[in-house]
Amino acid sequence: MEARLDLMADPVFGRFMKHMVAAHRSLGDATVPESTLELVRIRASQINGCGVCTDMHTKDAAHAGESAVRINLVAAWREATVFTEAERAALELAEQGTRIADASGGVTAEAWENAVKHYDEGRLVALVATIALINAANRINVMNMTPAGGYEPGRFH
């Protein structure tokens, strides 16, 4: 598979990516565990069928010490016993926030209230922004048919 555009060689995309990376970095002081944010990125990428983002975030999660069992069970998090209640709330928020077009009301009140039980306002802001950013990245890469498999952990950090 070959990408439709060489995004990394395009100066307009380069400027755009600097802002995306800056937006990502701006969330660094929100104190949501990085492992939770990686799980959220993995789940949204799975839902959106973004191979390159799934490749990136599973490798980054493993590189940061996340277990293979937890990474492999993200797609089946509801049935898995390896996630905390806070992580489950974040994964539910990620799923519903990613599937906005599929749900008539967006994120349900129940999912939101469950997230509120585990995260304060600043952490919720970080989760919402992370979900929005990964969905944007997923859409860029899916439209571009960016191939997966060659990501090296830490490349964009």
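# Exercises on a seven-helix chain

At 31% relative accessibility, Met145 counts as partly exposed. In the terms used here, buried means under 20% relative accessible area, exposed over 50%, and partly exposed in between (1.4 Å probe, protein chains only). The model is predicted, so local features need pLDDT of at least 70 and side-chain atom pairs count only at pLDDT 80 or more, while totals for chains, interfaces and linings use all residues. Residues are numbered from 1 along each chain as its sequence is written, and side-chain values use heavy atoms, with hydrogens and water left out.

## Exercise 1: Met145 and Thr31

Find where Met145 and Thr31 sit, and work out what is notable about the phi of each.

Step 1. Start with Met145, which follows helix 7 (121–144). Helices here are DSSP runs (H or I, at least four residues), strands are E runs of at least two, and both are numbered from the N terminus.

Step 2. Check the backbone: the phi of Met145 is positive, about 55°, although this residue is not a glycine.

Step 3. Now go to Thr31, in the loop that joins helix 1 (11–25) to helix 2. Its phi is near 60°, again a positive value in a residue other than glycine.

## Exercise 2: the whole chain

Describe the fold and the overall dimensions of the protein chain.

Step 1. Count the elements: there are seven helices and zero strands. Along the sequence, this reads α-α-α-α-α-α-α.

Step 2. Test how compact the chain is. Its radius of gyration is 15 Å, close to the 15 Å that the globule rule gives for 157 residues, so the chain is as compact as a globular protein of that length. The radius is taken over C-alpha atoms, and the rule is 2.2 Å times the number of residues to the power 0.38.

Step 3. Look at the outline: along the principal axes, the C-alpha atoms fill a box of roughly 45 × 30 × 30 Å.

Step 4. Turn to burial and surface. Of the 157 residues, 39% count as buried. The accessible surface is about 8700 Å², and 59% of that belongs to carbon and sulfur atoms (Shrake-Rupley method, 1.4 Å probe; for residues, only the protein chains shown count as cover).

Step 5. Finish with the contacts, where contact means heavy atoms within 4.5 Å. Among contacts with a separation of 6 or more, 71% are between residues 24 or more positions apart.

## Exercise 3: helix 2 against helix 5

Work out how helix 2 and helix 5 pack, and which residues make the contact.

Step 1. Locate helix 2 at residues 34–48 and helix 5 at residues 85–98; they pack at an angle of about 35°, with axes 9 Å apart. Axes are lines fitted to C-alpha atoms, for helices over the stretch in contact, and angles run from 0 to 180 degrees between N-to-C directions.

Step 2. Assign the hand: this crossing is right-handed. A crossing is right-handed if the near helix is turned clockwise from the far one by less than a right angle, and left-handed if anticlockwise.

Step 3. Pick out the partners. Helix 2 brings Ser35, Thr36, Leu39, Val40, Arg43, Ala44, Ile47 and Asn48, and helix 5 brings Glu87, Ala90, Leu91, Ala94, Glu95 and Thr98.

Step 4. Sort them: seven are nonpolar, four polar and three charged. Ala, Val, Leu, Ile, Met, Phe, Trp, Tyr, Cys and Pro count as nonpolar, Asp, Glu, Lys and Arg as charged, and the others, Gly among them, as polar.

Step 5. Zoom in on Thr36 in helix 2. Thr36 is buried, with a relative accessible area of 4%. Leaving aside neighbours within four places in sequence, Thr36 is in contact with Glu87, Ala90 and Tyr119.

## Exercise 4: two residues of one loop

Decide whether Ala80 is buried or exposed, then find what Arg78 touches.

Step 1. Ala80 lies in the loop between helix 4 and helix 5. With a relative accessible area of 9%, Ala80 is buried.

Step 2. Beyond four places in sequence, Ala80 is in contact with Leu73 and Arg88.

Step 3. Arg78 is found in the loop between helix 4 and helix 5, and is partly exposed at 42%. Not counting residues up to four places away, Arg78 touches Arg88, Glu92 and Glu95.
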